[in-house]
Amino acid sequence: MENMNEMFNNSTENSVYVEGSEEEKPKFVPIEPGEYTGHIKEYSSRVVEWTDKNGDSFKARVHNYKVELADNDNKEFNGRIFRSNGCFQFLEPKEGDKFISNQSGNKSYLRFCEDVGIDCAEVEREVDGETIKVKQLPNIEEKDVLGVPVIAVLNFGKAYEDKNGYTKKPMQVKFIKKWADGERLDVKTTKELEDDIPF
């Protein structure tokens with residue numbers, strides 16, 4: 001019967017193991033709250049209506065988006081994608097609507113529009129018999145924001161329990177700022193991607 005050395009020498013297939021030859025995978029570095037440059041890569045919106053504890057009803061369009069980090073000093077973070085926690089655009093009631101106005105609640109939406117480079121025209125409106133100047137807020141679409149360079153302000157979102165019972169706090173885009181030196185990317189809208197499908 002052949003011993004182990006003879007079996008190895010007579011084999012037509014050879015393989016060896018050299019200790020320390022394993023390729024080390026880069027260690028995952030968790031991101032900390034702070035400001036990071038990137039681009040808006042995904043966008044969607046939906047209308048929601050709710051009643052608060054005082055019995056007042058409101059209606060708003062919630063703008064959701066994702067930012068892909070880019071051109072940060074720590075290259076480990078570039079390419080990571082973070083979801084926003086939603087930007088509310090409070091809608092104005094028309095005759096017959098049961099919800100009420102919340103014009104002051106649109107401050108964050110005004111800032112969002114300005115930071116993605118959308119001008120909000122100043123117009124005159126009559127409020128309680130007095131003519132005042134107000135900012136006319138646009139109804140933005142996917143094509144208005146995709147690829148826009150931004151500074152994402154990241155922080156922890158609400159804690160939740162995953163399917164294994166562990167409590168997690170996801171990192172989210174709390175809001176954005178204008179990235180003046182950033183270059184806009186050409187990102188296709190959902191419609192454009194659908195049109196590219198050859199069937």
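Helices here are DSSP runs of H or I with at least four residues, numbered from the N terminus. With that settled, I opened my notebook on this predicted model.

**Entry 1: the whole chain.** I counted elements and found four helices and 10 strands. Reading along the sequence, I wrote down the pattern α-β-β-β-β-α-β-β-α-β-β-β-β-α. Then I looked up burial: 29% of the 199 residues count as buried. The accessible surface came to about 14900 Å², and carbon and sulfur atoms own 47% of that. Among contacts with a separation of 6 or more, 58% join residues 24 or more positions apart.

**Entry 2: helix H2.** Next I turned to H2, which spans residues 107–115. Which of its residues are buried? I found Tyr-109, Phe-112, Cys-113 and Asp-115. I also looked up what covers them, and the cover includes strands E2 (57–69), E4 (87–90) and E10 (171–178), along with helix H3 (142–145). Just past the end of H2, I noted that Gly-117 has a positive phi of about 90°.

**Entry 3: Glu-142.** Helix H3 came up in the cover of H2, and Glu-142 lies in H3, so I stopped there. Is Glu-142 buried or exposed? My lookup says buried, and yet Glu-142 has no salt bridge. A salt bridge needs the charged atoms within 4 Å, while the nearest side chain of opposite charge, Lys-143, is 10.0 Å away. What does the side chain of Glu-142 make a polar contact with? The partner is the side chain of Thr-190, at 2.9 Å. Leaving out residues up to four places away in sequence, Glu-142 touches Tyr-43, Thr-189 and Thr-190.

Terms used
Residues are numbered from 1 along each chain as its sequence is written. This is a predicted model: local features need pLDDT of at least 70, side-chain atom pairs count only at pLDDT 80 or more; totals for chains, interfaces and linings use all residues. Side-chain values use heavy atoms; hydrogens and water are left out. Buried means under 20% relative accessible area, exposed over 50%, partly exposed in between (1.4 Å probe, protein chains only). Helices (H or I, at least four residues) and strands (E, at least two) are DSSP runs, numbered from the N terminus. Contact means heavy atoms within 4.5 Å. Lys and Arg count as positive and Asp and Glu as negative; His and the chain ends are not counted. A polar contact is a pair of N or O atoms within 3.5 Å; within protein, one must be able to donate a hydrogen and the other to accept it, and residues adjacent in sequence count only if both atoms are side-chain atoms. Accessible areas come from the Shrake-Rupley method with a 1.4 Å probe; for residues, only the protein chains shown count as cover.
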